[in-house]
Every structure is written in structure tokens, then in C-alpha cells.
Amino acid sequence: MRKYPIVALIYDFDGTLSPGNMQEFGFIQAIGKKPQEFWQESDDIAAGQDASNILSYMKLMFDEARKAGIKLRRKDFKRFGASVELFDGVKEWFGLINAYGKQHGVRIEHYINSSGLAEMIEGTEIAHEFKRIFACSFIYNKDGEAEWPGVAVDYTAKTQFLFKINKGILSVRDNKKVNESQEEDIKRIPFPHMIYFGDGETDVPCMKIVKMFGGNSIGVYNPEIKKKVNVAKKLLRQKRVNFITPADYRKDSRTYQIVCTIIDKIKAEFELAKLAKGK
């Protein structure tokens with residue numbers, strides 16, 4: 001048994017850490033479109049071809065960038081990512097929670113589990129805070145330019161990453177180790193030690209899995225958008241999440257209070273388990 005528990009905080013990105021879709025902070029403007037126009041075109045592709053919404057938006061990004069003469073290299077995606085806005089307190093959040101965990105004998109790890117673009121998230125000022133960013137990404141040619149989707153993460157694909165975090169697997173490509181049988185007591189991060197943050201319907205499978213296996217799911221919402229508030233209330237009413245909270249990550253926020261209390265509970269249960277084993 002470990003000497004201390006590892007707690008994984010797993011975040012969706014768009015609408016959870018950021019108030020909008022990441023493509024709306026520079027990229028869509030650079031190709032000469034409005035956000036509503038871009039997303040409608042993406043939806044039309046998906047509907048017309050009965051295709052994945054994720055692959056459709058990735059194709060549209062690729063096609064529109066080429067039309068506009070914009071090269072899509074990793075550094076270009078990161079440049080767009082640098083302008084992505086974040087909710088109040090997000091920049092300081094990781095340091096606060098890491099310090100709280102250390103003070104209480106708990107190791108904290110942060111993960112992204114998103115249908116957005118990994119390359120753009122890597123350009124944000126919080127990218128270094130995450131142990132792993134699980135998200136969509138492109139395949140690049142010999143000139144370093146995007147030429148094909150490499151990873152497409154829809155709402156069901158997100159669930160596989162929970163099991164990879166559970167077993168300590170950081171490779172997106174791996175499909176062998178994640179399916180191997182493993183005793184519960186040797187899994188790196190048990191589900192009861194997971195805290196999942198999401199803002200909407202696409203997070204429901206992950207929220208349900210984490211909650212069902214004893215972890216905690218938190219529905220966050222932008223209090224300025226009534227629709228978002230209603231979605232969060234619906235998630236709570238349907239028992240998809242354990243808690244809902246405004247997307248405010250400052251130290252005096254409800255979010256901080258909830259997470260710190262969950263950490264306290266995990267630590268207490270960890271110590272009780274040690275006592276039960278006579279340690």
C-alpha cells in the first residue's frame with residue numbers, strides 16, 4: 001500500500017477552464033469567420049455525412065486554414081492557444097490545490113480530458129500544470145504541417161482516458177495495457193481518488209463513470225449564462241454529478257471549498273484503510 005494517496009483532478013477544457021471554445025480565441029477570426037458561422041458549417045458537415053462532430057471540426061479547421069493561407073504547424077496552434085481566455089482563478093488554482101494536498105499528505109496530479117486540440121492547450125499559460133493532456137491532435141508531415149487528424153476525442157473516447165489514468169498509462173496509442181486485468185490495490189489512481197470537472201452533456205459518460213466507481217464529479221457552469229446554469233442543475237437533478245459550482249477557481253470560491261473537502265475525505269479514508277490492515 002502506498003504511503004500517501006495520489007488524487008487525480010481531471011478537467012474538460014472548453015466551458016470548464018475556459019469560457020468558450022478554444023478555436024474562438026483567434027483561430028476562427030484568422031480565417032475570416034465568426035464563431036457561429038464556423039460551428040454551423042462544422043455541424044453541417046457532420047450532419048450531411050453522418051460523421052463525427054469532432055472529425056468534422058478538425059477537417060474544417062484544416063480546410064479553412066489552407067484557404068486562408070495559414071500554415072497549421074504545432075507552433076501556430078500554440079500561438080493561437082496563447083490567447084485562450086481562462087475563468088477567474090484558473091492560473092492560481094493549481095498552485096493552491098497542490099499546496100493544500102502537500103499540507104495534508106496527499107499528492108495532487110492534474111489531467112486534461114478534452115475534445116479540444118492538445119496543441120492549442122499546450123500553448124496556454126497553464127499547460128505545464130498538467131501531467132498529461134488527453135485531447136484531439138493532428139498528424140504532421142515532414143515539413144511540420146498538419147495533414148490529417150491523429151487523435152479524435154469524442155464523449156465516449158474520453159472514457160478510455162479515465163481507465164488509463166486509473167492504471168498510470170500516459171500513452172494515447174496504447175490499447176493493450178489499458179485492457180489488461182489488474183488488481184484494484186495496485187492501480188495507480190483508484191477511481192475513488194478521482195475528481196472530474198466538466199460543464200455539459202459531452203462530459204456525462206465520464207461524470208457517470210467516476211461517480212459510479214466512488215469518485216467525485218463536479219459540474220461547473222458560467223453563472224452569467226442561464227443555459228449553462230440550467231444544464232448544471234439538470235446534471236445534479238439526474239444524479240450525474242456529486243456537486244455543481246460556478247466556474248470560479250479562486251481561493252474563496254465554492255469550487256476550492258468542495259475540492260479541499262473531497263481531498264480531506266480521501267485522506268481520511270486512506271488512513272482508515274491502513275489501520276484496517278494493521279499498518
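**View 1. Aromatic pairs across the predicted model.** A search of the whole structure, which is a predicted model, turns up 16 aromatic pairs. One of them brings together Tyr-11 and Phe-94, whose rings meet edge-to-face. Their centres are 5.9 Å apart, with 70 degrees between the planes. If you trace the backbone, you will find Tyr-11 in strand β1 (residues 6-11) and Phe-94 in helix α5 (residues 90-103), so this pair ties together parts that are 83 residues apart in sequence. Tyr-11 and Phe-94 are both buried.

**View 2. Phe-27 and Phe-38, an edge-to-face pair.** Here the ring centres of Phe-27 and Phe-38 lie 6.4 Å apart and the planes stand at 85 degrees, so the pair counts as edge-to-face. Phe-27 belongs to helix α1 (residues 27-30) and Phe-38 to helix α2, and the pair links distant parts of the chain, eleven residues apart. Are these two rings buried or exposed? Phe-27 has a relative accessibility of 0%, so it counts as buried. Phe-38 is buried too, with a relative accessible area of 0%.

**View 3. An aromatic cluster that includes Tyr-11 and Phe-94.** Step back to Tyr-11 and Phe-94, and you can place them in one aromatic cluster with Trp-93, Tyr-100, Phe-130, Phe-197, Tyr-249 and Tyr-256. Trp-93 is a handy residue to centre the view on. Leaving aside residues up to four places away in sequence, Trp-93 touches Tyr-11, Phe-197, Tyr-249 and Tyr-256 from the cluster. Its contacts also include Leu-9, His-110, Thr-255 and Val-259.

**View 4. The largest nonpolar core and its best-connected members.** This core holds 85 residues. Which of them touch the most other members? They are Leu-9, Trp-93, Leu-117 and Phe-197. Helix α10 (residues 254-276) supplies the largest share of the core, with seven residues. As general background, nonpolar side chains in soluble globular proteins tend to be buried together.

**View 5. A charge over a ring at Arg-79 and Phe-80.** In this close-up, look for the charged end of Arg-79 sitting over the ring of Phe-80. The distance from that charged end to the ring centre is 4.9 Å.

**View 6. Cys-136 and Cys-206, two cysteines without a disulfide.** How many disulfides does the structure hold? The count is zero. Why is Cys-136 left unpaired? The closest cysteine sulfur to that of Cys-136 is in Cys-206, and at 13 Å it is too far for a bond, because a disulfide needs the two sulfur atoms within 2.5 Å. Seen from the other side, Cys-206 is in no disulfide, and its nearest cysteine sulfur is that of Cys-136. Cys-136 is buried, with a relative accessible area of 0%. Cys-206 also counts as buried, at 0% relative accessibility.

**View 7. Positive phi at Asp-50 and Lys-239.** Two loop residues are worth a visit here. Asp-50 is not a glycine, yet it has a positive phi of about 50 degrees. You will find Asp-50 in the loop between α2 (35-49) and α3 (53-67), and it is exposed, with a relative accessible area of 72%. Lys-239, another residue other than glycine, has a positive phi near 60 degrees. Lys-239 sits in the loop between α9 (226-237) and β7 (243-246). With 63% relative accessibility, Lys-239 counts as exposed.

Note on methods. Residues numbered from 1 in each chain as written. Predicted model: local features only at pLDDT ≥ 70, side-chain atom pairs only at ≥ 80, totals over all residues. Heavy atoms only, no water. Helix = DSSP H or I, 4+ residues; strand = E, 2+ residues; numbered from the N terminus. Buried < 20%, exposed > 50% of the residue type's maximum accessible area, 1.4 Å probe, protein only. Phe/Tyr/Trp six-rings, centres within 6.5 Å; stacked < 30°, edge-to-face > 60°. Lys NZ or Arg CZ within 6 Å of the ring centre and 35° of its normal. Core = buried A, V, L, I, M, F, W, Y, C linked by side-chain atoms within 4.5 Å. Contact = heavy atoms within 4.5 Å.
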